[in-house]
Amino acid sequence: MKLPACVHVYLLRHVQVALNSLGRLYRAPMASLMTTAVIGIALALPSGLYILTGNLQRLSTQWDGGTSLSLFLNHGISLDQAEALAKKLRQWPEIEQLTLITPQQALNEFRELSGFGDTLDVLDENPLPAVLAIKPVSSIANASSAAALLQRLRELPEVELAQLDLQWVKRFNAIVDIVQRSIWLLASLLGLAVLLITGNTIRLEIQNRREEIEITKLIGATTAFIRRPFLYSGLWYGLAGAFLAALLVELAFLQLNGPVRQLAGLYESSFRLQMLSPAEALGLMLAGAILGLVGAWLAVSRHLAAIEPG
Amino acid sequence: MIRFDNVSKRYPEGRDALQAVSFHLPAGAMAFLTGHSGAGKSTLLKLIALLERSTRGQLFLDGENLSRTRSRKVPFVRRKIGMIFQNYRLLFDRTVFDNVALPLVIAGHRHQDIGRRVRAALDKVGLLDKERALPITLSGGEQQRVGIARAVVNKPPLLLADEPTGNLDPELSRDIMHLFEEFNRVGVTVLIASHDLELISRLGYPQLQLHQGRLLNPEVLEMA
């Protein structure tokens with residue numbers, strides 16, 4: 001497809017101005033780097049936290065699927081009685097799976113994992129009760145029906161304590177929610193900071209190029225023409241800042257990945273930190289570009305009109 | 001080309017820079033604007049280039065009523081005018097070529113077009129060999145010729161010059177004036193503000209005389 005000549009010239013001009021603005025940043029590397037670094041850090045902070053909470057949420061959904069109930073049985077209950085109860089409960093339609101953990105099994109597991117083996121030897125008898133670990137059918141995963149099941153189980157005479165393990169997952173999710181909301185607040189504030197930083201940088205650039213602006217106005221440049229290089233500068237600052245932010249976040253997560261893997265290993269989980277996805281990286285770039293552009297726009301619309309050739 | 005109809009300009013601080021000025025400079029004419037400093041020469045030129053707006057009266061450029069031009073349209077009025085300044089007003093961080101190319105870039109000309117036209121303009125002012133030079137390396141006379149090349153490169157119908165020889169010695173001044181004559185010969189309307197009376201009286205073009213904001217002899221253009 002061949003573009004009409006005027007469109008072609010227009011696009012070519014845009015490319016030229018864009019490259020020109022980029023060249024200008026390149027020729028003043030220290031100043032450009034400072035601005036880019038500030039923008040990068042301002043963007044890296046909320047994006048890093050955002051990715052982190054995303055990981056926390058992923059972690060909690062892993063647990064969510066494993067919603068389970070624990071029935072701690074009375075001490076007086078014999079193993080036979082416990083097995084009879086287990087058999088009875090397996091008939092309930094709400095229960096998908098039931099495992100009996102005998103006091104001996106519980107003790108062995110505890111001994112193995114806690115490292116208090118020697119201390120346990122001091123005890124005369126096994127203090128641990130028998131436990132029925134129940135996995136309800138998935139249709140009961142919602143809170144109210146799970147609570148109803150819990151109530152029914154509590155009323156069984158053999159049961160000392162029935163505990164819904166979903167509770168703390170919910171609390172955890174609520175906390176993540178709050179953290180996430182705070183991150184959005186933080187992101188808004190830091191986004192505003194990016195606007196101000198680019199705005200101020202562009203304002204200085206406008207002042208430095210005052211003579212040039214006056215001359216181009218004198219020989220018939222439109223406002224759009226004069227505005228263009230400054231808007232591209234803002235765009236480049238935003239993009240470079242976002243790129244730096246992505247780099248910082250990746251580096252930070254690379255640093256964290258080892259310890260996290262170790263911790264996950266201790267919990268026998270195969271959990272891995274998820275880094276910036278391509279879509280998220282793209283979103284970050286877009287956000288940086290838009291913030292830079294808008295910051296430049298604000299500066300340009302405030303300060304360009306004030307410069308009139310006399 | 002230029003028509004003033006009872007034009008007055010009062011600056012916000014209350015100074016009357018021009019009072020009821022009327023004249024008509026026909027297309028293709030060349031004239032000088034004389035008077036002491038402060039007589040209103042610069043103000044008159046600024047009104048034509050819409051760097052200032054008149055307080056009263058009407059002025060026309062190429063048939064367009066400039067008193068009614070919206071600010072959005074001002075750049076397009078200025079593209080019809082080649083402006084030349086006493087202090088040249090060049091961009092010192094760009095080459096001679098880029099300086100002269102600026103009006104064409106602003107007007108959105110094609111790349112090949114720009115190279116051709118810039119070289120033609122530089123050729124006319126005799127600076128073809130300096131296109132890669134930076135303005136700061138040139139003499140005052142050469143810098144002014146770069147300014148003139150920039151003013152004529154997009155072939156405007158009107159040239160306005162504000163004390164173009166104010167910073168130049170007599171010989172260079174004569175060269176510059178001859179350049180203006182050459183452009184006038186090919187049909188460009190030229191209006192030059194100058195107080196170099198000795199030089200301009202030798203050239204023999206009509207002189208509009210301003211005195212304290214009043215035009216003393218508007219009829220001089222009719223006789224020419």
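Start with chain B of this predicted model and select its open sheet of 4 strands, ordered β2-β1-β4-β5 with antiparallel pairing. Colour β2 (16-25) and β5 (64-65) of chain B separately: these are the edge strands, and each pairs on one side only.

Stay at one edge and show β4 (residues 56-61) with β5 of chain B, which pair in the antiparallel sense over 2 bridges. Label B:L61 and B:E64; B:L61 stands opposite B:E64, the latter in β5(B).

Now go to the other pair, β1 (residues 2-10) and β2 of chain B. Their pairing is antiparallel and runs over 6 bridges. For a pair to display, take B:R3, which stands opposite B:H24 in β2(B). Follow the backbone from β1(B) into β2(B): the two form a hairpin with 5 residues between them. Within that turn, pick B:G14, whose phi is positive at about 100°.

Next, show both chains and select the contact between them. Chain A contributes 14 residues and chain B 13 residues. On the chain A side, highlight α1 (5-27) and α8 (210-218), each of which supplies at least two residues to the side that touches chain B. Of the elements there, α8(A) gives the most, with 4 residues. Colouring this side of chain A by class shows 8 nonpolar, 4 polar and 2 charged residues.

Hide chain B and colour chain A by domain. The assignment gives domain 1 as 14-63 + 170-303 and domain 2 as 68-164. Place a marker at the C-alpha centre of each domain of chain A; the two centres lie 51 Å apart.

Then select the sheet of chain A. It is an open sheet of 4 strands in the order β2-β3-β1-β4, with antiparallel pairing. Which strands stand at the edges? They are β2 (95-101) and β4 (159-164) of chain A; each has a single partner strand, so one side of each is left without a neighbour in the sheet. Neighbouring strands are turned by 20° against each other on average, direction ignored.

Zoom in on β2(A) and β3 (residues 131-136) of chain A, an antiparallel pair with 6 bridges. One bridge to label joins A:I101 to A:V131, the partner in β3(A). Add helix α3 (residues 79-90) of chain A to the view. Helix α3 lies across β1 (69-73), β2 and β3 of chain A, and runs at about 170° to β2(A).

Finish with helix α9 (residues 223-266) of chain A. How far apart are its end C-alpha atoms? The distance is 63 Å; at 1.5 Å a residue, the 44 residues should span 64 Å, so the two values agree. Centre on A:N257 in α9(A), where there is a kink of about 35°. The proline A:P259 comes shortly after that kink. Last, step just past the end of α9(A) to A:E268, which takes a positive phi of about 55°.

Methods
Residues are numbered from 1 along each chain as its sequence is written. Chains are lettered from A and ligands numbered from 1 in the order in which they are written. This is a predicted model: local features need pLDDT of at least 70, side-chain atom pairs count only at pLDDT 80 or more; totals for chains, interfaces and linings use all residues. Two residues are in contact if their C-beta atoms, placed from the backbone, lie within 7 Å. Ala, Val, Leu, Ile, Met, Phe, Trp, Tyr, Cys and Pro count as nonpolar, Asp, Glu, Lys and Arg as charged, and the others, Gly among them, as polar. Domain bounds come from an automatic or database domain assignment. Two strands pair if DSSP finds at least two bridges between them. Axes are lines fitted to C-alpha atoms, for helices over the stretch in contact, and angles run from 0 to 180 degrees between N-to-C directions. The expected span of a helix is 1.5 Å times one less than its number of residues. The bend at a residue is the angle between axes fitted to the seven residues ending there and the seven starting there.
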